[in-house]
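Biologist: I am new to this model and would like a close look at one helix. Please begin with the whole chain.

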Amino acid sequence: MRRGMVLGCVSLLAIAFVSAPVIGQNEAPESLLPPGFNDPAPAPSQSEPPPPPEPGRTVQPVPGGAIPLPATPLPSLAGQDAPTDEELSEELAKLQEELEAQIALTQSLPPSARRSLDLIGPLTEANGGFAASSLGNIGGQYAQTLVRRTSGRIVSRWASLGLQKLLLSELATPQGLNGANWAAERAALLLRIGSADGAVRMVQAVDPPAATPRLLNVALDSYVASADPLGMCPLLPFAGESAKGNQWQLIRAICSGFSGEGSAAREQIDRARRQGAMDRIDVVLAEKIVGASLNGRRAVTVQWDDVDQLTRWRFGLALTAGIEPPEALYARADRNFQAWRARAPMAPLASRVQAADVAAAMGMLSSADMVDLYGATFDDPGTDEALRDRMALLRTAYVATDADDRVRAMRALWDRSDNAFVRYSAHILTAHAAARVTPSEDLADYADDLIVSMVSAGFDTSAARWRQVVEEGTLGWAVLSVALPGRAQVSASDVSGFFDNDQSTEARKSAFLVAGLAGLGRLSSADRDSLAEDLGIGFGGQTRWSRAIGAAAAAGNDGLVTLLVGMGMQGNDWSAMTPRQLYHVVAALRAVGRQAEARMIAAEAVSRA
């Protein structure tokens, strides 16, 4: 076993199970989530964080020319040597003490000290969350239906960020719903979106004695996906007979092993093997973790030869055991695995960087997160030559004296792949570097990509400096026309100039531009209808979804609008969106005061179509 496994588990278990998670300090201006809710490895703090920056507002780039690195090294298993038996025993003894303390604490929690189930969520309104009443007076069955019918495949990065923020907020429990079950539904959606650590935080917002069977099952999925199965141990005393199944049996074995009950753990593992209800790899991974416990040590070899599918269980337990699943399994797996992988503190840094492209485009990593990961890999022994070359380009993009050299390095990063996710994430990666470039006519050929890069991370004020450089009808002009706050009306003739240059399939960029401008109120009704006719699109007609989001907007329920935005923007990519849907999304967000989100989603649509 590697040292990183034990230390990672200790740090994750240090989060209290009987109080709301403490929000750490973080400066990530491009995130709709407040400080601490976009940290790959949150650090507890006893002080209140400063007010979160307004979404869509720029922060001055880091001066001095140095690439910002994490305040503390990101945990990694890469290049680590196995600890000695003495070191291992000391670390495991400490971990067992942590487990015993957590279990004792949760078991002794009196009803009077438990948190209310009427108001649940780790993110308070004072710290940037939604208001408790932001869902309005919707009933429990309706709220549950909306959450369950949102698959988690959200095409927009910004819509995903907004949905994460809502789901983590301290919301009033809808009438007719058990509070713990409401928390479970929200955690399950966070997991489907790709936020395993967010799902864990939502589970932790409910005191263990109040856990329902639904919450316990979602908790198991969440802790496994976040590569922290030991986080389930304090919940086991409250699981009872409702927690049945093979995974529960193996979780009990893991917790027994780390509670000093090695013989019981081995018996549970052997029983699971004899029953034959699980694939061999699933039992072996649990046995590998049990084998690392103080009294359960047993030599275990993990082989992937006959494994053709990566599951949550295999992903989470493998990383917990200090084993990286084969790249071929990642390639065949759902893209959520890339999001979980990119944010898993126990995964090798090089592996996390490899997953960062998909994770960032999904809204699971901020630009600052990506730069931190790249910076941490530069001196990591597990970094291959291709990644070092990419890191060198990123460093040049930040520190080169000549602006042309900086922008050419960014261009090399933007153009390194034709994959839409990789290309967009490369713009997110370079957002801070792009914000450092002084607008110049000499760089006009790069203006489109520089603007897309800045706006992808919400740096609208920095992007606004390029208004005098970009030509009307260019992509940069189109993005700025929807991204900047306080823009005046745009005429049909101005938009028509963009049509002539639009090379996107079926002029989808133009269609989204018109939809975004219309939703933001930046086109007159006559110009909107004229442009829509030219493009063969329409904004009329009603569906159950459009009526629902319109009613929520009219009532001023910004949380319900955000939830319906997530539902309406489901799909594998932007081809699943229609201009009419985008129009309703942008108009509803604008109506309830979420102008920053409305602008960023409109700009993203034009950029990514």
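How much area does the protein chain expose, and what share of it do carbon and sulfur atoms supply? After that, please turn to helix α7.

Modeller: The protein chain exposes about 23,300 Å², and carbon and sulfur atoms supply 47% of that area. Accessible areas come from the Shrake-Rupley method with a 1.4 Å probe, and for residues only the protein chains shown count as cover. This is a predicted model, in which local features need pLDDT of at least 70 and side-chain atom pairs count only at pLDDT 80 or more, while totals for chains, interfaces and linings use all residues. Residues are numbered from 1 along each chain as its sequence is written, and side-chain values use heavy atoms, with hydrogens and water left out.

The chain has 609 residues, 58% of them buried (under 20% relative accessible area, 1.4 Å probe, protein chains only). It holds 29 helices and two strands; these are DSSP runs numbered from the N terminus, helices being H or I with at least four residues and strands E with at least two.

Helix α7 covers residues 213-225, 13 in number. From first C-alpha to last it reaches 19 Å, close to the expected 18 Å, which is 1.5 Å times one less than its number of residues. The buried residues of α7 are L215, L216, V218, A219, L220, S222, Y223, V224 and A225. They pack (contact means heavy atoms within 4.5 Å) against α5 (179-193), α6 (196-203), α8 (246-257), α11 (312-320) and α13 (336-342). Just after α7, A227 takes a positive phi of about 60 degrees.

How values were computed:
Buried means under 20% relative accessible area, exposed over 50%, partly exposed in between (1.4 Å probe, protein chains only).
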